Amino acid sequence: MQVSFVCTDHRNSNRSTEDRLNRQNANSPSTKSKFRAVALVARSLGHLSVQNMPSSSDQSIRTGMKYRNLGKSGLRVSCLGLGTWVTFGGQISDEMAEELLTLAYDNGINLFDTAEVYAAGKRSSLVITTKIFWGGKAETERGLSRKHIIEGLRASLERLQLEYVDVVFANRPDPNTPMEGDPFHTPRSRKFVIEETVRAMTHVINQGMAMYWGTSRWSAMEIMEAYSVARQFNLIPPICEQAEYHMFQREKVEVQLPELYHKIGESLIPFQNIWVHSTLKLYNVA
């Protein structure tokens, strides 16, 4: 289960005018300073030297956190992950972000989820993911074309100041298929779009930019198509699906996906935003 924090920093009044101006500039798309949170991830986790970092079994005993393999892969991830959502580097201070990340790691979390439009990333003992789809306003800066997957992931790695991510997600299926009425609007044309995505994901993995790839918000049929394409052309299939899961969103996880768990070994990373839980508490549901 991945939890994303949706919060704002109420301590900005204590920050200097210069700091506030810097934060405003950080939100501008024309500067890379909005991705400072990446450096602070490395900095905050850097306080734990590599030599002193506990093993997964030691962490599990110390924190009570459980770890599982992600799908059929050998990648061990904590049962609870931290999603940086869009607030890190934009709506909360560096100090608060550092506190949250350190607290999560100290309590056994090794899965940190980012994305192209998130402002977030030190390595070996961490599992860092990113998602590709929304990169910019231009037609070539979004979607799941080979061009955008490669360029988008490369840009994400630069912002994260990392050489690779552990898992790159195709963040929702690409709707850029032939329009209704187009003579090529067929299941076969849809397969071509998914094939391009699978080939591009295989390429970035072979290039060492990612270790695995997965899907996010894909339907069971689309995931199965990607798996079939990968097997047909000797490519790398997705290992997991990231799906929204809470009391208002249950059908996909409980009804549609279970068959894939058993048939192809697909793993699930359910997520929910903290604001959902806060809303439920507001109405005395949670």
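The following exchange goes through the terms used for this predicted model and the values behind them.

User: What are the ground rules for numbering and for which atoms and residues count?

Analyst: Residues are numbered from 1 along each chain as its sequence is written, and side-chain values use heavy atoms, with hydrogens and water left out. As this is a predicted model, local features need pLDDT of at least 70 and side-chain atom pairs count only at pLDDT 80 or more, whereas totals for chains, interfaces and linings use all residues.

User: How many helices and strands does the chain have, and what share of the residues is buried?

Analyst: There are 10 helices and 10 strands, taken as DSSP runs numbered from the N terminus (helices H or I, at least four residues; strands E, at least two). Of the 286 residues, 47% are buried, where buried means under 20% relative accessible area, exposed over 50% and partly exposed in between, with a 1.4 Å probe and protein chains only.

User: Why is Phe133 called buried, and Trp134 partly exposed?

Analyst: Phe133 has 5% relative accessibility, so Phe133 counts as buried, since that value is under 20%. Trp134, at 40% relative accessibility, is therefore partly exposed, because that class lies between 20% and 50%.

User: What makes Phe133 and Trp134 an edge-to-face pair?

Analyst: Rings of Phe, Tyr and Trp (its six-membered ring) pair if their centres lie within 6.5 Å, and planes under 30 degrees apart count as stacked, over 60 as edge-to-face and the rest as tilted. Here the centres are 4.7 Å apart and the planes stand at 70 degrees, so the pair of Phe133 and Trp134 is edge-to-face. Trp213 and Trp218 form an edge-to-face pair as well, with 6.4 Å from centre to centre and 70 degrees between the planes, and both Trp213 and Trp218 are buried.

User: Which charged residues lie over rings?

Analyst: Arg172 lies over the face of Phe133, at 6.0 Å from the ring centre, and the charged end of Arg199 sits over the ring of Phe233, 5.0 Å from its centre. The criterion is that NZ of Lys or CZ of Arg is within 6 Å of the ring centre and within 35 degrees of the ring normal.

User: Which residues have the most contacts inside the largest nonpolar core?

Analyst: They are Phe112, Leu153, Val168, Val198, Val204 and Trp213, in a core of 44 residues; such a core is a set of buried Ala, Val, Leu, Ile, Met, Phe, Trp, Tyr and Cys residues joined through side-chain atoms within 4.5 Å. Among the elements that each supply at least two residues of this core are α5 (146-160), β7 (165-171) and α6 (187-206).

User: How do you know that α5 has the span expected of a helix?

Analyst: The expected span is 1.5 Å times one less than the number of residues; for the 15 residues of α5 this gives 21 Å, and the end C-alpha atoms are 21 Å apart, so the two agree. The buried residues of α5 include His148, Leu153 and Arg159, and just after α5 Gln161 takes a positive phi of about 55 degrees.

User: Why is Glu195 called buried, and Met221 exposed?

Analyst: Glu195, in helix α6, has a relative accessible area of 15% and is therefore buried. Neighbours within four places in sequence aside, Glu195 is in contact with Val229 and Phe233, contact being heavy atoms within 4.5 Å. Met221, in helix α7, has a relative accessible area of 58% and is therefore exposed.
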